[in-house]
Amino acid sequence: MKKYFIILIIMLISSVLFAQNESAYLSIGKPWFPDKYNNHNNFSIGFNYQNAFVQSFAFTFIADYAQSDDFPKFAKNEVQLNAFLLDQNSTDIVSNSLWSKIKTIRFGGEMNYMFVNNKRFSFSFNAGAGHFFSQSSNHDLQSFTYNLETREILSYQNKISSEKLNSFYYSLGIQFQYCIYKDYFIGLQPFYFMPIGEKQINSIPVYPSYYNLTLNIGKKF
């Protein structure tokens, strides 16, 4: 893992010493977590600082937050949750209670190779790495009994689990930026976020890998 830090430090020093163009932008996105049954109330927001130290390369500092949460509001109310589950039938109770949520915060860097870069627009490939913090929860319907004739739920056992995962990550994506007025620009950036190291899909409620498409709004300096 040390080699990732060495590479990031070299990029940081290079971007500061040989800066040509700088920009800062806000990113707003719609992440999709493959490990979640439903992706609702999902969004991301982040702040990015980009430093182009040569014509075709730029280094970006990233800090962002992403989440997806499909827990109903009544999930923390035992009376309302009990009433909801007992109101289900044996066919739908499992699919109607597959709730989960995840929140991630990441800090990292990203190297951009800009094969198109002029005053009006730029197009680049990017690869990044850094550290992230995540917390996820899910509702687990462990067992239930029901009336064979009416399929009415008679009893059930359930549990809400919550775990944290803090680790390193890498990301891959592309980025497009277009100047709309003087030095102000908008852009799009689809990317893939993936933790580094051994996967823990079976030991945590939601594994924090995701795809995202962000709208970027910022200014060049």
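Start with one pair of residues: Ser-23 has Gln-50 as its bridge partner in E2. E2 is a strand spanning residues 43-52, and nine bridges tie E1 to E2 in an antiparallel arrangement. Strands count as paired here if DSSP finds at least two bridges between them. The elements themselves are DSSP runs numbered from the N terminus, with helices (H or I) needing at least four residues and strands (E) at least two.

Before going further, a word on what you're looking at: this is a predicted model, where local features need pLDDT of at least 70 and side-chain atom pairs count only at pLDDT 80 or more, while totals for chains, interfaces and linings use all residues. Residues are numbered from 1 along each chain as its sequence is written, and side-chain values use heavy atoms, with hydrogens and water left out.

Now the overall layout. The protein chain has two helices and eight strands, and from the N terminus the order reads α-β-β-β-α-β-β-β-β-β. Of its 221 residues, 39% are buried, where buried means under 20% relative accessible area, exposed means over 50%, and partly exposed is in between (1.4 Å probe, protein chains only). Take the contacts (heavy atoms within 4.5 Å) between residues at least 6 apart in sequence: 70% of them join residues at least 24 apart.

Back to the early strands. E2 carries on into E3 by way of a four-residue hairpin, and the two pair antiparallel over 10 bridges. Within that pairing, Phe-47 sits opposite Ala-63 in E3. On the other side of E2 in sequence, the loop between E1 and E2 holds Asn-41. Its phi is near 50°, a positive value in a residue other than glycine. Most residues other than glycine have a negative phi. Asn-41 is partly exposed, at 46% relative accessible area. Lys-182, in the loop between E6 and E7, also has a phi near 50°. Lys-182 is exposed, with a relative accessible area of 65%.

Next, the interior. What does the largest nonpolar core contain? It has 13 residues, and Phe-132, Phe-193 and Tyr-210 have the most contacts inside it. A nonpolar core, for this purpose, is a set of buried Ala, Val, Leu, Ile, Met, Phe, Trp, Tyr and Cys residues joined through side-chain atoms within 4.5 Å. Strand E6 (153-181) and E7 are the elements that give two or more residues to this core, and E7 gives the most, with three. Leaving out residues up to four places away in sequence, Phe-193 touches Arg-106, Phe-132, Tyr-169, Tyr-170, Pro-208, Ser-209 and Tyr-210. There's also a second, separate core of eight residues, including Ala-75, Leu-81, Leu-141 and Ile-153. In soluble globular proteins, nonpolar side chains tend to be buried together.

Thr-104, in strand E4, is another residue to look at. It counts as buried, at 2% relative accessibility. Its C-alpha atom is 4.2 Å from that of Ser-134, which is 30 residues away along the chain. Not counting residues up to four places away in sequence, Thr-104 touches Phe-33, Asp-64, Tyr-65, Ala-66, Phe-133, Ser-134, Pro-208 and Tyr-210.

For contrast, try Tyr-146 in strand E5 (residues 121-146). Tyr-146 is partly exposed, with a relative accessible area of 32%. Neighbours within four places aside, Tyr-146 is in contact with Ser-90, Arg-151, Glu-152, Ile-153 and Leu-154. Its C-alpha atom and that of Leu-86, 60 residues apart along the chain, are separated by 9.7 Å.

Finally, the empty space. A search of the whole structure turns up two cavities of 30 Å³ or more, and the largest has a volume of about 80 Å³. A cavity is a set of points on a 1 Å grid over the protein atoms alone where a 1.4 Å probe fits but cannot get out, and lining residues have an atom within 4 Å of a point. Grid points are joined across faces, edges and corners, and the volume is the space filled by probe spheres set on the points. Among the residues lining the largest cavity are Tyr-25, Asp-64, Arg-106, Glu-110, Phe-191 and Asn-216. Strands E1 (21-29), E3 (57-69), E4 (100-117), E7 (184-195) and E8 (210-220) are the elements that give two or more residues to this lining. The lining divides into three nonpolar, five polar and three charged residues; Ala, Val, Leu, Ile, Met, Phe, Trp, Tyr, Cys and Pro count as nonpolar, Asp, Glu, Lys and Arg as charged, and the others, Gly among them, as polar.

Note on methods
On a 1 Å grid over the protein atoms alone, a cavity is a set of points where a 1.4 Å probe fits but cannot get out, and a pocket is an open set with protein on both sides within 12 Å along at least five of seven lines; lining residues have an atom within 4 Å of a point.
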